[in-house]
Amino acid sequence: MIPHDETMILETPFHSRCLAACEINLWEDWKGYRSAAAYTSVEQEYFAVRSNTGVFDISPMIKYRFTGPDAGAYLNRLVTRDISKLAIDRVAYTVWCDDNGQVMDDGTIFRLGENDYRLCAYARCLDWLMWSAEGFDVAIVDETAEVAALAVQGPTSCAVFKDMGFTGIENLKPFGMTKYPFQGSEVMISRTGFTGDLGYEIWIEPALAEAFWDAMFEAGKLRGIRAIGSAALDMLRTETGFLQAGVDFVPAEEAIRTGRSRSPFELGLGWLVSFDKPVFNGRKALLKEKEEGSRYAFVYLDVEGNKPAEHAFIYAGNKEVGTVTSAAWCPTAKSNFAFAQVDTKYGKVGQKLVAEIYYERELKWTRVMAECTVIEGAVFNPPRKRQTPAADF
Amino acid sequence: MINSDKNYDAIVVGGGHNGLVCASYLAKSGKSVLVVEANDSLGGASSTREFFHQFSVSACAQWLFQLNPQVASDLNLYGNGLELAVRDLDTIALAEDGNHLTISGNTLSGVGVSDKDQQAFVAFNKQMLKFCKLLAGAFNRRAPKVVESNLTDRLTLAKLGLGMKLLGKTDMSDLMRLALINIYDVMEENFDNELLKGAISLDSLLGSHMGPRSPNTVYGYLYRRMGDVYGFNGPSVVKGGMGTVGKAMGNAAKAVGVDIETGIKVGKINVDVDRATGVTLSDGRVINADIVVSNADPKSTFNTLVGLANIETGVARRVKTMRMKGDAAKLHLALDSLPLFTGLSDAQLGQRLVIAPTMNYVESAFNACKYGEYSQAPAMDISLATVHDASLAPAGKHVMSVIVQYAPYELDGGWTDEHKENFKQLVIDRLSDFAPDLKQKILHSELLTPVDLEEQFHIHGGHWHHGEISLDQILMMRPFPGGSQYGTSVDGLYLCSAGNHPGGGVMGLAGHNAAKEIIKRGKSA
């Protein structure tokens, strides 16, 4: 039992280090864990990732472990992507849907062994996972608290790891993972992340979390390593076009009002749907949608001006055709970028639309009708993200 | 027999009565149909079995009282061998002291039956019949969907709604009120006679996991009384036992060209991603067809035949949460001669006898079951079919068949031989309280627990309705919400068992409705 004078909010295995780094004490609740929104200033943290290395504590991310002879088949039925060919030590991004083909969540699947997988998710969904296990020989464990994890992102991240003695880390391909010994145990490093940059995520037992943090910050001292919070991460992920569950879509199980959830096609994630595999959740509905057409199109917008089109209505002529879900002025790409969901017929690349943006300066609200163009992809997509061996910055 | 030269349009998994009804209608519409039945005889839970040398008994269902007349006539069942040894029997509610109550249609007779109860009973029956007639309008067609309803569905709903309005103000508000309460309260409102209340309450819950105070029992009672709309005025005894219904349906099916293979189990319903392609028999033979109709209960269909891994989670979850755990056991006795029941003449022994002396007796019997125990004083529904049909036993000998309520499917410690024997003796002891010389007449006895019923009739949970008959599992919620009017999430796979609308009992409408739906959807299904 938790005594009445103690907080019920959980602390991550890195908490002591986060606490020390968090100069402005700007905390928020991430799935029950105390998590920093910012440590110093959002801009500084943003640029740490784009120019040096930023470290984001992702320990609160929901992590499930799947073992047993049917683990692979189970996951292949759960998610829309065909992961039957996912090799050991590889990672795949995917979404999973309910029977209506509506996205419940997105996340990554790590294949740790022959019959051993980890799923990282935005939302807790153990009930759904357990329901889905009927008929499969699979064991499912919520290991969120058993695995400490950090996102280590930015051009110098590879060099930091090399300096830590993780020889050959530069050869790790995107969506690959590998293990290195660390203080008598081991650390798992995957070349994955949520910033669209060269970067890694590390997975380690909680007991070694602080030691790893210390060793890494020591090694990265001269490479501008810095802890970053969720506000900077939001700018980073927006700039590189990554969707945020709960922001860019409402997880189907959390949506209360009918019609508020979205299908993978409506989120621009049709490439994650494979109809060439055995039955999977949402297959029938998605097949129907593919034949009959979607309600919405997900678009990237290049917005004129420098005012972020946050929560803007989108017009085609005088007709309101959609809304913006994420928007940011992107410092590196030097672009005013937004994600929007619009009526399907306005979703083609090159389509000209108008964003109705409201902004406030010293109590004065101003409305701008900013022209925007549907563009092909995200505005930040540097070669160093994919380059293998990773470049030494 | 399977004709290997034929390309079957449809394969019906299970030659239970609904499967045979469905197959017959499909064949009549011009489809070539194969029925595969695991047991050697047809009819499913409508079965006759020799349980002792030369003694046969209706092994699961023991009365015929709900058979839909349209189905009977379309399939010419009476021309195909179905014969009633006797119909419209009375129900005699037994009292330990011999002062029994006889319920004969609208008439009550027995010691201490008050005029007030008699009048109330007539009024009660009248009202129940009105409600049943209303339900009948929704029983012989597919249940409407609530969402995405099309014109047919809207008409069914409108008909139900209009029917309710036409009941008149009093009856309509009564229906809406009664449907949601329980039979105990309804009985208390209407009658004083304990035996009457006990007997009616037993009728409201036979086969289910409910006591008189459980919600849904009023619907259970109405469901049972549907027979009154279908021309029955009490239970009938089928000549040759209930297996004759299966035989007659088998004959009817063969007469319209259905091929029937018995004694072989369907091991698997074959599915290609999300379309049924046929079945694999337990001996490995594969038979292909565009349409597979499962007369197995919904749980067995998806758990075992299709495999939960081959359907989407949402459906798997609904299959899992469907309630279908049977509480009814069957006792079969081979008797040297007719036993003597205190206060009953030999002629009366041929009526339907029930042991449910008070509603509290039944409720107490249910209490044990809630906690995984069998009733120490169970309620019973007794049939001595040989009084009307000598063919079931050697000359002068008799068989007694008893539905025993309650024996939980999941008994604490499981149905070991010891538990079974103890329970059997307990039931026989209890019967002997009413028929003191019973034990001396027993040549052989057999108890079938819900686990045995599951095994012998391939019914998950041993629940003879293939799923609890309760408001959350009827109409568009049967077998489960999102169930698609006999269709399933697997294209070409249909369900036709009692687990579907309108439900169980030897009625034949689930099979009838399923066939109509399959025919309507045509090849596109």
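**Entry 1: helix α3 of chain A.** I looked up which residues of α3(A) are buried in this predicted model, and I noted A:Ala71, A:Gly72, A:Tyr74, A:Leu75, A:Asn76, A:Arg77 and A:Leu78. The helix spans residues 71–78 of chain A and is mostly covered, with seven of its eight residues buried. I then asked what the buried residues of α3(A) pack against, and found that their partners in chain A are β4, β5 (91–97), β6 (103–113), β7 and α4 (126–132).

**Entry 2: strand β4 of chain A.** As β4 is among the elements that the buried residues of α3(A) pack against, I followed it next. I saw that β4(A), residues 62–67, runs antiparallel to β7(A), residues 116–121, and that six bridges join the two strands; A:Thr67 stands opposite A:Asp116 in β7(A). I also found β4(A) paired in the antiparallel sense with β8(A), residues 139–142, over four bridges, where A:Tyr64 has A:Asp142 of β8(A) as its bridge partner.

**Entry 3: the domains of chain B.** Turning to chain B, I noted a division into domain 1, made up of 10–46 + 66–83 + 240–322 + 479–524, and domain 2, which covers 120–229. The C-alpha centres of these two domains of chain B lie 27 Å apart, and twelve residues of domain 1 are in contact with nine residues of domain 2. Which helix gives the most to the side of domain 1 of chain B that touches domain 2? I found that helix α16 of chain B (residues 509–521) does, with four residues. By class, I recorded three nonpolar, eight polar and one charged residues on that side of domain 1 of chain B.

Key: Residues are numbered from 1 along each chain as its sequence is written. Chains are lettered from A and ligands numbered from 1 in the order in which they are written. This is a predicted model: local features need pLDDT of at least 70, side-chain atom pairs count only at pLDDT 80 or more; totals for chains, interfaces and linings use all residues. Two strands pair if DSSP finds at least two bridges between them. Domain bounds come from an automatic or database domain assignment. Two residues are in contact if their C-beta atoms, placed from the backbone, lie within 7 Å. Ala, Val, Leu, Ile, Met, Phe, Trp, Tyr, Cys and Pro count as nonpolar, Asp, Glu, Lys and Arg as charged, and the others, Gly among them, as polar. A residue is buried if 20 or more other C-beta atoms lie within 10 Å of its own, exposed if 12 or fewer, and partly exposed in between; C-beta atoms are placed from the backbone.
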